[in-house]
Amino acid sequence: MIHELKTVFSKKMLIISLIAVMFLPVIYSASFLTSMWDPYGKTEDLPIAVVNEDQAADLEGESIQIGEEIVAELKGNDDFEWHFVGSDEAHAGVVKGDYYASITLPADFSSNASSLLTDEPKEMALDVETNPGYSYSGKSIADQSILAVETAVASEVRELYTEKVFETVNDMNDGYKEASSGAGELADGAEQLAESAGQLGDGMEALAAQAPSPLAAELEKLIEGNKQISQGIDELGSGSASLSDELSAASEEISAYAFETANAKLISEPVEVNKETVTEVENYGQSFAPYIIALSLFVGAIAFSTIYPFRTRDRESTTLLIWWGSKLSVILAQGTFQAALLAVFILKVLDIPVENLGSFLLILFVISNTWMFILSVLVAAFDKVGNFLGILLLVLQLGASEGTFPIQLTNGFFQAVHPYSPMTYAIKALRESIFGFEGNVPFEQALWILVAILLAMILLLGAVYYFRFQKERKTASELA
């Protein structure tokens with residue numbers, strides 16, 4: 001078996017090519033992962049245009065200009081690179097790709113805000129312009145800037161109107177207190193007036209007893225009228241006292257609640273979200289690492305299969321076992337060194353944190369050699385057509401392996417292929433070893449599935465060589 005390695009080392013161009021191919025997964029991973037390493041962590045460098053055309057408006061005698069408030073808030077916001085420009089510059093910038101979005105606060109922005117509690121409330125509109133043709137991913141990230149402005153506007157308006165409502169409630173409470181005090185004073189006055197009316201009635205009764213008959217009759221009428229007045233005064237006093245009690249109770253009920261600026265701010269933003277994650281992923285690139293690793297190793301296997309002579313047999317490979325074993329030694333060496341180089345790059349250069357290092361190195365070795373033997377079988381059996389089949393297999397797995405989007409978001413065909421794709425289990429095992437969790441396919445299960453495929457490919461390669469060996473012997477006997 002060693003003689004095949006000697007044959008490889010005797011051919012300088014072949015050994016140079018094989019060494020170069022070993023680095024292909026590293027180059028592939030480097031180009032992909034570094035380019036997408038942390039795009040969402042650098043949104044502060046993404047230019048967004050903001051156009052403020054808002055005009056001041058009146059709200060209950062107070063001048064408001066929400067556009068200026070939003071601009072001031074955004075100037076202190078480092079989530080994006082905000083550019084405060086005119087409408088023409090904003091439009092031209094979006095078309096050219098200088099800005100990934102433009103957000104315009106129109107002239108009637110504050111005016112519409114001031115109408116929200118009227119009979120004809122008007123919606124506040126943000127005018128947004130993007131250019132997904134220039135960069136769809138940039139546009140998708142820029143959508144977050146729109147959400148940031150929308151959130152700022154909503155918070156500003158909620159706080160503004162809550163404060164206005166609170167001011168009204170506080171004014172009502174002050175009115176209740178004043179009215180209660182006035183009603184109490186009115187009840188006291190009515191009581192005093194009733195006492196005076198009673199005294200007046202007593203005096204007139206005494207006078208009527210001593211007066212002549214005609215005068216006494218008139219006094220009796222006055223006494224009766226005075227009684228009616230006294231009754232009315234008593235009812236007024238009773239009603240005033242009741243009104244005072246009710247107003248006082250209403251005031252106490254309102255006073256039980258706080259209607260201050262701090263309350264208005266909290267009501268405008270009442271929810272605090274406490275997030276908890278099962279795993280820690282530092283950035284976008286790290287989340288994509290399992291997919292890119294599995295993909296880059298497959299690309300390395302395809303490249304290896306295009307330059308290594310799987311179908312040739314040298315003179316020293318006199319038996320099937322020697323021929324098969326000699327090829328195995330080269331393929332395993334290539335797969336192992338390819339995995340080792342990629343591991344060093346992932347761990348030392350990209351410095352991606354790995355929760356289970358042993359599991360990561362083991363699955364990397366298994367994946368690399370599994371891909372190598374899949375391509376080896378295809379090329380040994382079908383020659384150049386085998387390379388094409390290998391590429392076709394890769395393309396099929398890209399959509400079915402759940403490397404980027406959740407498999408539930410793909411079409412029915414890829415969902416059906418998903419459980420039968422070897423790359424599905426490679427990516428799941430890499431994710432679990434890197435991030436340290438147990439998914440719907442545990443690491444051990446994914447590992448044994450890939451090991452079973454690897455062993456099956458090794459045996460299948462032996463079967464291919466068996467049929468080729470028999471064919472060569474038959475051809476040789478016919479020629480003899």
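Of the 480 residues of the chain, 41% count as buried, where buried means under 20% relative accessible area, exposed means over 50%, and partly exposed lies in between, using a 1.4 Å probe and protein chains only. The model is a predicted one, in which local features need pLDDT of at least 70 and side-chain atom pairs count only at pLDDT 80 or more, while totals for chains, interfaces and linings use all residues. Residues are numbered from 1 along each chain as its sequence is written, and side-chain values use heavy atoms, with hydrogens and water left out.

Colour the chain by secondary structure to begin: there are 16 helices and six strands, taken as DSSP runs numbered from the N terminus, with helices being H or I of at least four residues and strands E of at least two. Among the contacts in the chain with a separation of 6 or more, 78% are between residues 24 or more positions apart, contact meaning heavy atoms within 4.5 Å.

Next, select helix H5 (residues 87-96) and find Gly93 within it. Gly93 is buried, with a relative accessible area of 4%. Leaving aside neighbours within four places in sequence, Gly93 is in contact with Asp98 and Tyr99. Add Pro47 to the selection: Pro47 is 46 residues from Gly93 in sequence, and the two are 9.6 Å apart in space, C-alpha to C-alpha.

Tyr99 also leads to the largest cavity, whose lining is made of Val94, Gly97, Tyr99, Tyr100, Asn131, Tyr134, Ser135 and Lys139. On a 1 Å grid over the protein atoms alone, a cavity is a set of points where a 1.4 Å probe fits but cannot get out, a pocket is an open set with protein on both sides within 12 Å along at least five of seven lines, and lining residues have an atom within 4 Å of a point. The space in this largest cavity is about 40 Å³, the volume being that filled by probe spheres set on the points, which are joined across faces, edges and corners.

Now move to helix H12 (residues 357-382) and helix H13 (residues 384-400), whose axes come within 6 Å and cross at roughly 145°; the axes are lines fitted to C-alpha atoms over the stretch in contact, and angles run from 0 to 180 degrees between N-to-C directions. Select Ile374, Leu375, Leu378, Val379 and Phe382 in H12, which meet Lys384, Val385, Gly386, Asn387, Leu389, Gly390 and Leu393 in H13.

Just before H12, in the loop that follows helix H11 (320-349), select Asp351. Asp351 has a positive phi of about 55° although it is not a glycine, and at 56% relative accessibility it counts as exposed. Most residues other than glycine have a negative phi.

A second positive phi, of about 60°, belongs to Glu402, again not a glycine, in the loop between H13 and helix H14 (412-417). Glu402 is buried, with a relative accessible area of 15%.

Finish at the largest pocket, where Glu402 is joined in the lining by Tyr284, Ser287, Phe288, Gly403, Thr404, Phe405, Pro406 and Arg431. This pocket has a volume of about 300 Å³, and helix H10 (residues 284-307) gives the most to its lining, with three residues.
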